[in-house]
Amino acid sequence: MSEISGHLVLIMAPMASGKGSLISYVLGAFPHIVRLTSCTTREIRPGEREGVDYYFISRAEFERRIEHGEFIEWAEFSGNLYGTLASSITTSLNEGRVVINEIDVQGVLQLQSLVPRDQYTIIYIDAGDWEVSKKRALARAPMSKEHLELRYKRYLEEEKFKPRADFIIQNNDGQFEEAKEALHTIIDDIFTKVEQQKT
């Protein structure tokens, strides 16, 4: 992938940080940006769409794809597997497209050895401390104690990684418009950079 001419935007954020709403905004504001659709073994949730939110596949199928080296990155969380197909990212990046993808710490670490550093940007969405994230998440849907504990461990991992992000966007309560504006500016600059590299 050393000859790619596009750019990969990696969105990292704890649960209930508003990352989904921010990504939806970017997709509307930048119609030429490509959103990667990851695969998962978890059950589809109400309102989700196959091939849009995720490709929902069986664990056996996911493991078969791992064995065949089809994922550029994958991770297990809460007993479910999540991964991004190599074919979905390489094609777009080789075409010079700007690609956006939500990712976790494991995924970023795996991608670092595959995509040149100047061809990707890590953006961390910060919505406050753990208590804020937990309160937001529980207001959205109930969670078991065990699931919350797993989320908390993941939150701690993400917090440790936050200083390594290229940009940190604050999205505390009441800051959504400012967060949208900050993200818009970053994406706009990336598109400009990609276009300049083509000339």
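Select Thr84 to begin: this residue is buried, with a relative accessible area of 1%. The model is a predicted one. Thr84 belongs to strand E6, which spans residues 80-85.

Keep Thr84 selected and show its side chain. Which side chain lies at 2.5 Å from that of Thr84 in a polar contact? The partner is Glu73. A polar contact of 3.4 Å also links the side chain of Thr84 to that of Ser38. Leaving out residues up to four places away in sequence, Thr84 touches Leu36, Ser38, Glu70, Phe71, Ile72, Glu73 and Asn101. For a distance check, pick the C-alpha atoms of Thr84 and Val99: they are 12 Å apart in space, with the two positions 15 residues apart in sequence numbering.

Move next to Ser38. This residue sits in the loop that runs between E2 and strand E3 (39-40). Is Ser38 buried or exposed? Its relative accessibility is 12%, so Ser38 counts as buried, the cut-off being under 20%. Beyond four places in sequence, the residues touching Ser38 are Tyr54, Tyr55, Gly83, Thr84 and Asn101.

Now colour the sheet. Five strands make up an open sheet with parallel pairing, in the order E2-E7-E1-E8-E9. At its edges are strand E2 (34-35) and strand E9 (167-170), each of which pairs on one side only. Zoom in on strand E8, residues 120-126, which runs parallel to E9 and is joined to that strand by four bridges. Here Ile123 is found opposite Phe167 of E9.

Add helix H1, residues 19-29. What does H1 lie across? The helix crosses strand E1 (7-12), E2, strand E7 (98-102) and E8, and its direction makes an angle of about 165° with E7.

Finish at helix H5, residues 130-140. Trp130, Ser133 and Ala137 are the buried residues of H5. They lie on the same side of the helix, because the arc they cover around the axis is only 65°. In general, an α-helix has 3.6 residues a turn, so residues three or four places apart point the same way. Helix H6 (145-161) is included in what covers the buried residues of H5. Rotate the view to the face of H5 turned away from the buried side, where the exposed residues Lys135 and Ala139 are carried. Last, select Asp129 at the start of H5: one of its side-chain oxygens comes to within 3.2 Å of the backbone nitrogen of Glu131.

Terms used:
Residues are numbered from 1 along each chain as its sequence is written. This is a predicted model: local features need pLDDT of at least 70, side-chain atom pairs count only at pLDDT 80 or more; totals for chains, interfaces and linings use all residues. Side-chain values use heavy atoms; hydrogens and water are left out. Two strands pair if DSSP finds at least two bridges between them. Helices (H or I, at least four residues) and strands (E, at least two) are DSSP runs, numbered from the N terminus. Contact means heavy atoms within 4.5 Å. Axes are lines fitted to C-alpha atoms, for helices over the stretch in contact, and angles run from 0 to 180 degrees between N-to-C directions. Buried means under 20% relative accessible area, exposed over 50%, partly exposed in between (1.4 Å probe, protein chains only). The arc is that of the directions from the helix axis to the C-beta atoms. A polar contact is a pair of N or O atoms within 3.5 Å; within protein, one must be able to donate a hydrogen and the other to accept it, and residues adjacent in sequence count only if both atoms are side-chain atoms.
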